[in-house]
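Biologist: Let us go through this model one topic at a time. Please state your cut-offs as you go.

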Amino acid sequence: MLLKKIIEGIQMVKGEDISVLNFRNNFVCDYFVVCNGESQNQVYAIYRSIEKITMKELKEKPWHIEGLKNREWILIDYVSIVVHVFQKKVRLYYNIENIWKKNL
């Protein structure tokens, strides 16, 4: 249910290129959710949308959040699911999906 609500939150503010990496039984968390926005404002809007929908509908709060200051890459850690919200250019640079896929 949490995964579904995170994805809904991303889609509500037109987050792009949503990718879900399944790490169940292989990693500390169950899923990485990766998406991007076109600007710092959109990256922040995606974060806020995820935060609002998960709190309102599931009463779930992130355990940890990073990147709010520069808004190029915001990490939202729900323990079982880690969400990465990137600016498009930053996502292309770090390419975390391919890095993690190679290590599984």
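Biologist: At about what angle does α2 run to β5?

Modeller: The helix α2 lies across β2, β3, β4 and β5; helices (H or I, at least four residues) and strands (E, at least two) are DSSP runs, numbered from the N terminus. Axes are lines fitted to C-alpha atoms, for helices over the stretch in contact, contact being heavy atoms within 4.5 Å. Angles run from 0 to 180 degrees between N-to-C directions. On that scale, α2 runs to β5 at about 160 degrees.

Biologist: What pLDDT do local features need?

Modeller: Residues are numbered from 1 along each chain as its sequence is written, and side-chain values use heavy atoms, with hydrogens and water left out. This is a predicted model, so totals for chains, interfaces and linings use all residues, side-chain atom pairs count only at pLDDT 80 or more, and local features need pLDDT of at least 70.

Biologist: In what order do the strands stand in the sheet?

Modeller: The sheet is open, with five strands and mixed pairing, where two strands pair if DSSP finds at least two bridges between them. The twist averages 10 degrees from one strand to the next. The order is β1-β2-β5-β4-β3.

Biologist: Which strands stand at the edges of the sheet?

Modeller: An edge strand here has a single partner strand, so one side of it is left without a neighbour in the sheet. The strands in that position are β1 and β3 (64–66).

Biologist: Which residue in β2 stands opposite valine 20?

Modeller: Strands β1 and β2 pair in the antiparallel sense, over five bridges. Opposite valine 20, in β2, stands valine 33.

Biologist: What pattern does the chain follow along the sequence?

Modeller: The protein chain has four helices and five strands. Read along the sequence, they give the pattern α-β-β-α-β-β-β-α-α.

Biologist: What is the radius of gyration of the chain?

Modeller: The C-alpha atoms fill a box of roughly 30 × 30 × 20 Å along the principal axes. The radius of gyration is taken over C-alpha atoms, and the globule rule is 2.2 Å times the number of residues to the power 0.38. For 104 residues a compact globule would come near 13 Å, and the protein chain agrees with 13 Å.

Biologist: Which residues touch the most other members of the largest nonpolar core?

Modeller: A nonpolar core is a set of buried Ala, Val, Leu, Ile, Met, Phe, Trp, Tyr and Cys residues joined through side-chain atoms within 4.5 Å; buried means under 20% relative accessible area, exposed over 50%, and partly exposed in between (1.4 Å probe, protein chains only). The largest core has 17 residues, and those touching the most other members are Ile6, Ile50, Ile76, Ile81, Val83 and Val85.

Biologist: Which elements give two or more residues to this core?

Modeller: Valine 85 shows the surroundings of one member: leaving aside neighbours within four places in sequence, its contacts include Cys35, Val43, Ile46, Ile50 and Trp73. Apart from this core lies another, of six residues, among them Leu21, Phe23, Leu75 and Val82. The elements giving two or more residues to the largest core are α1, β2 (31–37), α2 (40–58), β4 and β5.

Biologist: Which residues are joined into one network by salt bridges?

Modeller: A search of the whole structure finds four salt bridges, each a side-chain nitrogen of Lys or Arg within 4 Å of a carboxyl oxygen of Asp or Glu. Lysine 5, buried at 11% relative accessible area, meets glutamate 8 at 3.3 Å, N to O, and glutamate 57 at 2.5 Å. Glutamate 57 lies in helix α2 and lysine 5 in helix α1, so that pair ties together parts 52 residues apart in sequence. Bridges that share partners thus make one network of Lys5, Glu8 and Glu57.

Biologist: Are glutamate 97 and arginine 91 buried or exposed?

Modeller: Their side chains meet in a salt bridge of 2.3 Å, N to O. Both glutamate 97 and arginine 91 are buried.

Biologist: Near what value is phi of lysine 14?

Modeller: Most residues other than glycine have a negative phi. Valine 79, in the loop between β4 (73–77) and β5 (81–87), has a positive phi of about 75 degrees. Lysine 14 lies in the loop between α1 (2–12) and β1 (16–22) and is exposed at 63% relative accessible area. The phi of lysine 14 is positive too, near 60 degrees.
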